[in-house]
Every structure is written in C-alpha cells, then in structure tokens.
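Biologist: I've got a chain here that I'd like to understand from the inside out. Can you walk me through it?

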Amino acid sequence: MEQFYNSGERFQIEVNEYIYFWLSNAGKVQMTVAGQNVLLGRDGEVTAVKLAWNGTQLELVPMY
C-alpha cells in the first residue's frame with residue numbers, strides 16, 4: 001500500500017512478520033509498535049527501513 005499522509009493524520013495496521021517503510025521526512029513520523037516508540041530518522045532525512053517484530057524484539061533494518 002502506498003499512501004501520502006498529512007500532518008496529524010494517523011493509521012493503524014496489523015502486520016504478521018514485517019513491513020517496509022520509505023520516508024521522505026523521517027523525523028516527522030511518530031510511530032508506536034507493540035507499545036514501543038520507534039524513531040525512524042531526523043527531520044528532512046530520507047530513509048528506507050524494514051521493520052520486523054520477531055515476537056520478543058523489534059528489529060529496524062536499514063535497506064541501503
């Protein structure tokens with residue numbers, strides 16, 4: 001799914017194993033996964049990551 005979100009918009013999704021994110025302004029994204037806040041990057045930073053939950057630990061893997 002590809003989507004553009006404006007400031008203040010939210011979404012919720014269930015993921016079984018992993019999800020990929022490509023972000024053009026990573027510092028503006030606030031994310032909570034399984035009760036943990038996830039920092040994806042700084043303001044203005046372009047990033048691509050694989051976010052995986054292995055049942056006990058959250059893994060954030062850069063895709064570059």
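Modeller: Sure, and keep in mind that this is a predicted model. One term before we start: a nonpolar core is a set of buried Ala, Val, Leu, Ile, Met, Phe, Trp, Tyr and Cys residues joined through side-chain atoms within 4.5 Å.

Biologist: Okay, which strand gives the most to the largest nonpolar core?

Modeller: That core has eleven residues, among them Ile 19, Val 33, Leu 40 and Leu 58. Strand 1 (18-23), strand 2 (31-33) and strand 4 each supply at least two of its residues. The top contributor, with three residues, is strand 1.

Biologist: Is Thr 47 buried or exposed?

Modeller: Thr 47 sits in strand 4, which covers residues 47-53. Leaving out residues up to four places away in sequence, Thr 47 touches Phe 21, Trp 22, Leu 23, Ala 26, Leu 40 and Tyr 64. Buried means under 20% relative accessible area. Thr 47 has 6% relative accessibility, so it counts as buried.

Biologist: What pattern does the chain follow along the sequence?

Modeller: There are zero helices and five strands in the chain. Reading along the sequence, you get β-β-β-β-β.

Biologist: And what radius of gyration does the chain have?

Modeller: The C-alpha trace spans about 30 × 25 × 20 Å along its principal axes. For 64 residues, a compact globule would come out near 11 Å, and the chain agrees with that, at 12 Å.

Biologist: Last one: how far apart are the mean positions of the positive and negative charges?

Modeller: The chain carries 4 positive and 7 negative charges. Their mean positions are separated by 8 Å.

Methods: Residues numbered from 1 in each chain as written. Predicted model: local features only at pLDDT ≥ 70, side-chain atom pairs only at ≥ 80, totals over all residues. Heavy atoms only, no water. Helix = DSSP H or I, 4+ residues; strand = E, 2+ residues; numbered from the N terminus. Buried < 20%, exposed > 50% of the residue type's maximum accessible area, 1.4 Å probe, protein only. Contact = heavy atoms within 4.5 Å. Rg over C-alpha atoms; globule rule 2.2 N^0.38 Å. Lys, Arg positive; Asp, Glu negative; His and termini not counted. Charge placed at Lys NZ, Arg CZ, Asp CG, Glu CD.
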